[in-house]
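Biologist: Before I take this model to the bench, I would like to understand the reasoning behind the labels attached to it. Could we go through them one at a time?

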Amino acid sequence: DAELSEGVPAELGVVAEGHAEEFLISFFDTAVAMVKDIKFVTIYLTHSPCTVNDRKPSHSLPGWPTSCTAKLSKLAADNPKYHLSIVFMEKFGGLAGNDTPQAHLKQLSGARANLSFIHINCSGLLIPDTHLGREYSP
C-alpha cells in the first residue's frame with residue numbers, strides 16, 4: 001500500500017519487534033470493554049507462548065515480565081474475573097520436543113486457576129483451504 005509505505009512507522013503504530021501476545025495484552029482492556037458480561041476469553045495462537053528459557057523470550061512490553069507465558073500469567077492475575085484459554089497449534093522453542101506442553105506451560109505460569117493452555121495437535125490432518133483452492137497439510 002503506497003499510502004502506508006510513505007508514512008513514518010512510529011506514527012502508523014508499527015513497532016520494531018514484539019510477540020503477538022504483547023500486542024494483545026496492550027489492547028486487552030479495550031477489547032473486553034467492548035463486550036458485556038464476558039467471563040471467558042479464548043486466545044488463538046499459531047505457536048505456544050514463549051518461555052524464559054527460549055532463545056528469544058519476549059521483552060517488548062515495559063513493566064511486564066520476560067516471556068509471553070509469564071505475561072499471560074500476569075494478565076490472568078490482574079484480571080481474575082476472566083478465565084483465559086490459550087489455544088495453540090505448534091510448539092515453540094523449548095516446547096518442541098515436549099509431550100505435555102499444556103502441563104509445562106501451566107506449571108510455568110504458576111498454575112493459575114483462571115488460565116488454561118490447550119495444544120491442538122494438527123499433525124496428519126488435512127485442513128481445507130478454500131481461499132487457495134487446495135488442501136493444507138501441516
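The conversation below takes up confidence, architecture, cysteines, burial and the nonpolar core.

Modeller: Please keep in mind throughout that this is a predicted model.

Biologist: How do you know how confident the predictor was in the protein, and where is the mean pLDDT of an element lowest or highest?

Modeller: On a scale that runs from 0 to 100, the protein averages a pLDDT of 80, and 77% of the residues score at least 70. Among the elements, helix 1 (residues 2–5) has the lowest mean, 46, whereas helix 4 (residues 68–78) has the highest, 94. Over residues 129–138 the pLDDT stays under 50, and for this stretch the model has 14 contacts beyond four places in sequence.

Biologist: What makes up the secondary structure, and in which order do the elements run?

Modeller: There are 5 helices and 5 strands, and from the N terminus on they follow the order α-α-α-β-α-β-α-β-β-β. Among contacts between residues at least 6 apart in sequence, 60% join residues at least 24 apart.

Biologist: How many disulfides does the structure hold, and why is C50 not bonded to C68?

Modeller: The structure holds 0 disulfides. A disulfide requires two cysteine sulfur atoms within 2.5 Å, and the sulfur of C50 lies 3.7 Å from that of C68, its closest cysteine sulfur, so the pair is too far apart for a bond. Seen from the other side, the closest cysteine sulfur to C68 is the one in C50, again at 3.7 Å.

Biologist: Why are C50 and C68 called buried?

Modeller: Buried means a relative accessible area under 20%. C50 has 2% and is therefore buried, and C68, with 0%, is buried because that value also falls under the cut-off.

Biologist: Is T51 buried or exposed, and what makes W64 partly exposed?

Modeller: T51 has a relative accessibility of 6%, so it counts as buried. W64 stands at 24%, and because partly exposed covers the range between 20% and 50%, that is the label it receives. T51 is found in the loop between strand 1 and helix 4, and W64 is found in the loop between strand 1 and helix 4 as well. Leaving aside neighbours within four places in sequence, T51 is in contact with P57, S67, T69, L105 and L108, while W64 touches I25, K71, K74, L75 and D78.

Biologist: Why does N114 count as buried, and what does its side chain reach?

Modeller: The relative accessibility of N114 is 9%, which is under 20%, and so N114 counts as buried. N114 sits in the loop between helix 5 (101–108) and strand 3 (115–119), and its side chain reaches the backbone oxygen of Y82 at 3.0 Å. Beyond four places in sequence, the residues that N114 touches include A76, N79, P80 and H83.

Biologist: Which residues touch the most other members of the largest nonpolar core?

Modeller: That core has 18 residues, and F28, V41, L84, I86 and F117 touch the most other members. Two or more residues come from each of helix 3 (28–33), strand 1 (40–47), helix 4, strand 2 (83–90) and strand 3. As for F117, its contacts beyond four places in sequence include P49, L72, I86, F88 and L105. In soluble globular proteins, nonpolar side chains tend to be buried together.

Biologist: How much of the whole protein is buried, and how much area is exposed?

Modeller: Of the 138 residues, 30% count as buried. The protein exposes about 9,100 Å², of which carbon and sulfur atoms supply 56%.

Note on methods: Residues are numbered from 1 along each chain as its sequence is written. Side-chain values use heavy atoms; hydrogens and water are left out. Buried means under 20% relative accessible area, exposed over 50%, partly exposed in between (1.4 Å probe, protein chains only). Helices (H or I, at least four residues) and strands (E, at least two) are DSSP runs, numbered from the N terminus. Contact means heavy atoms within 4.5 Å. A polar contact is a pair of N or O atoms within 3.5 Å; within protein, one must be able to donate a hydrogen and the other to accept it, and residues adjacent in sequence count only if both atoms are side-chain atoms. Accessible areas come from the Shrake-Rupley method with a 1.4 Å probe; for residues, only the protein chains shown count as cover. A nonpolar core is a set of buried Ala, Val, Leu, Ile, Met, Phe, Trp, Tyr and Cys residues joined through side-chain atoms within 4.5 Å.
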